[in-house]
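Here is a walk through one protein model, feature by feature. Have the structure open beside you as you read.

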Amino acid sequence: MSQLKNTLSFKDFTAIVLKNESFNISEDHFNKVEKSFLFLKQYAEDKVIYGVNTGFGPMAQYKINTADQVQLQYNLIRSHAAGSGETLAPKYAKAILLARLNSLILGKSGIHPSVIKSMQDLIRKDIQPVIFEHGGVGASGDLVQLAHLALMLIGEGEVFYKGKIQSAKTVFAQEKISPIPIKIREGLALLNGTSAMTGIGLLNVFNAKKLLNWSVFCSSVLNELVSAFNDHFSKELNTAKLHSGQQKIAKKMRLHLKDSKRIKNRKAHFLKLNDSQVFEDKVQEYYSLRCVPQILGPVKDTLENVEDILVRELNSANDNPIIDADNENVFHGGNFHGDYIALEMDKLKLVVTKLSMLAERQLNFLANENLNKILPAFVNLAKPGLNFGIQGAQFTAVSTTAENQTLSTSMYIHSIPNNNDNQDIVSMGSNAALLTKKVITNTYEVIAVELLALVQAFYYLEEEKGFSDKTLTEMKKLKAFIPRFTEDKPVSGYIKELKEYLLQKNPY
């Protein structure tokens, strides 16, 4: 059981969201939340506090009478529940709910403690809000996405429950859940934060980590298939360059290939000089084989940095204003601004796109008999001319990689002033996180096509001994549902099945 404490780790976050691990909120956190609430209640009696006794955004100059302050919070939630487009899958909605809860338990938002208890109960009962992809501009928080979360908490809108979308009112009645009470600023506190982009972003990191491992696996198998030299992933070569990501990728390849009899040791296989003006044997491999540590190293380093930044945001108070009960003050500012997340999501989608480009080039190497010199064209194991191997699947991989390249245009530097120019520069962080999610999904499809080709190549060469134990173990699992293609057949189903396999499994 996880404990929501001062710092929620990436591992605990993903375990709660993806494995339904139970968690507790400490008594200390409940005490902090209550202290913040009681302080704000007293402090706002004779002072102007944004979003408590004022309107919102450019209407903050309007005073809100005491009798209307509760209705103000309901109005904010209902008016901003304006999302459109596709609904986020339940796991992403759960990630957003947990990210918002983890920020609110810091006791910097002045909310009633009952809100914390309600959010905890909803996660435990596996009830998630229906949240739409389109709506957030990533400053003043993920207002629209989080409005749909808040709508659920007040017992309105729709939720995911037991595998289908139902009205929150119906589910709350069935589970005997009471809507949260609005006391002071619960509406604004729920909306005014970066929890949508952060929750989505953390799941992006989780999926990208696994994707990187599959790319290393495919790269290692490809090197093994063509009996590449070992020096390009050697410790000596890669420690000569002082980047930890490169060194970690090279080490992972060495561990994978440590018992391979197919990889050539450069020292033992150095080509001997002779009178020939043209060397028949290839002196070095193509870049898509030889430069894997240098290409995937930056992906590794970027992933680690992105995770660090997102975990910092997850454990931050990203509300406005910040209620400081300890120092008896209220600070107005912009902690809701999502530039940190937007920038990291842009970085992540760039490196994942590069990973998809590497996979596509490796696929091309497999498909082109003039490059690899050992496989039939398009890894066609049937009759040349009459049958086509992976020719059709290659088109899919190329098309999907091209889409990634277009989607990798930066959102961080794409700001459109809105909200009557009150929000005159915004982060587009939720858009950045969602585009990164799409790029990652696309790349799983590209890797699936590459792996489909690798399995066919393995079928072609498997009678040749010497493959590493790691390759043999994983290929046995893949061959259980990917047959040898001795005739042409639709392969979309196999690509889909491979994609799901890649999402569920981890090769290292």
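## A three-stranded sheet

Strands β6 and β7 run antiparallel to each other and are paired over four bridges. This is a predicted model, by the way, so read every value here as computed from it. One place to check the pairing is E158, which sits opposite S167 in β7. The two strands make a hairpin, with two residues between β6 and β7. In that turn, K162 has a positive phi of about 50°.

On to the next partner: β4 pairs with strand β6 (residues 158-161), again in the antiparallel sense, this time over two bridges. Here Q128 is the residue facing F160 in β6. Put together, the strands form an open sheet of three, in the order β4-β6-β7, with antiparallel pairing. The edges belong to β4 (128-129) and β7 (164-167); each has a single partner strand, so one side of each has no neighbour in the sheet. As general background, strands of a sheet pair through backbone hydrogen bonds, and they can do so in a parallel or an antiparallel way.

## A helix under cover

Now for helix α6 (residues 143-153). How many of its residues are buried? The count is 11 of 11, so to speak a mostly covered helix. If you want to click through some of them, the buried residues include L143, Q145, H148 and M152. Just after α6 comes G155, with a positive phi of about 85°.

## A helix with two sides

Helix α19 (residues 492-504) has 13 residues. From its first C-alpha to its last it reaches 19 Å, close to the 18 Å expected at 1.5 Å a residue. Which residues of α19 are buried? They are Y494, I495, L498, K499, Y501 and L502. These buried residues cover an arc of only 165° around the axis, which puts them on the same side of α19.

Turn to the face of α19 that points away from the buried side, and you find the exposed residues S492, K496 and Q504. As for what the buried residues of α19 pack against, there are four helices to look at: α9 (195-225), α16 (391-407), α17 (429-461) and α18 (469-479).

## Charged pairs

The structure has 17 salt bridges. The general idea is that side chains of opposite charge can pair when their charged atoms come close. One of these bridges links K117 with D121, whose closest N and O atoms are 2.9 Å apart. Both K117 and D121 belong to helix α5 (residues 113-124), where they are four residues apart, or about one turn of the helix. Why does that spacing suit a pair? An α-helix has 3.6 residues a turn, so residues three or four places apart point the same way. Both partners are partly exposed: K117 has a relative accessibility of 39%, and D121 has a relative accessible area of 22%.

Helix α14 (residues 339-367) offers another case, with K347 and E344 three residues apart, about one helical turn. Their side chains meet in a salt bridge at 3.0 Å, N to O. Are these partners buried or exposed? K347 is partly exposed, with 30% relative accessible area, whereas E344 is buried at 3%.

Also in α14, D346 and K349 are three residues apart, about one turn of the helix. Their salt bridge is 3.6 Å, N to O. Both ends are buried, since D346 has 6% relative accessibility and K349 has 0%. Elsewhere, salt bridges that share partners join K248, K300 and E304 into one network.

## Cysteines without a bond

How many disulfides does the structure hold? The number is zero. C218 is in no disulfide, and the nearest cysteine sulfur, that of C291, is 18 Å away. For a disulfide the two sulfur atoms would have to be within 2.5 Å. C218 is also buried, with a relative accessible area of 0%. From the other end, C291 is in no disulfide either, and the nearest cysteine sulfur to C291 is that of C218.

Key:
Residues are numbered from 1 along each chain as its sequence is written. This is a predicted model: local features need pLDDT of at least 70, side-chain atom pairs count only at pLDDT 80 or more; totals for chains, interfaces and linings use all residues. Side-chain values use heavy atoms; hydrogens and water are left out. A salt bridge is a side-chain nitrogen of Lys or Arg within 4 Å of a carboxyl oxygen of Asp or Glu. Buried means under 20% relative accessible area, exposed over 50%, partly exposed in between (1.4 Å probe, protein chains only). Two strands pair if DSSP finds at least two bridges between them. The expected span of a helix is 1.5 Å times one less than its number of residues. The arc is that of the directions from the helix axis to the C-beta atoms. Contact means heavy atoms within 4.5 Å.
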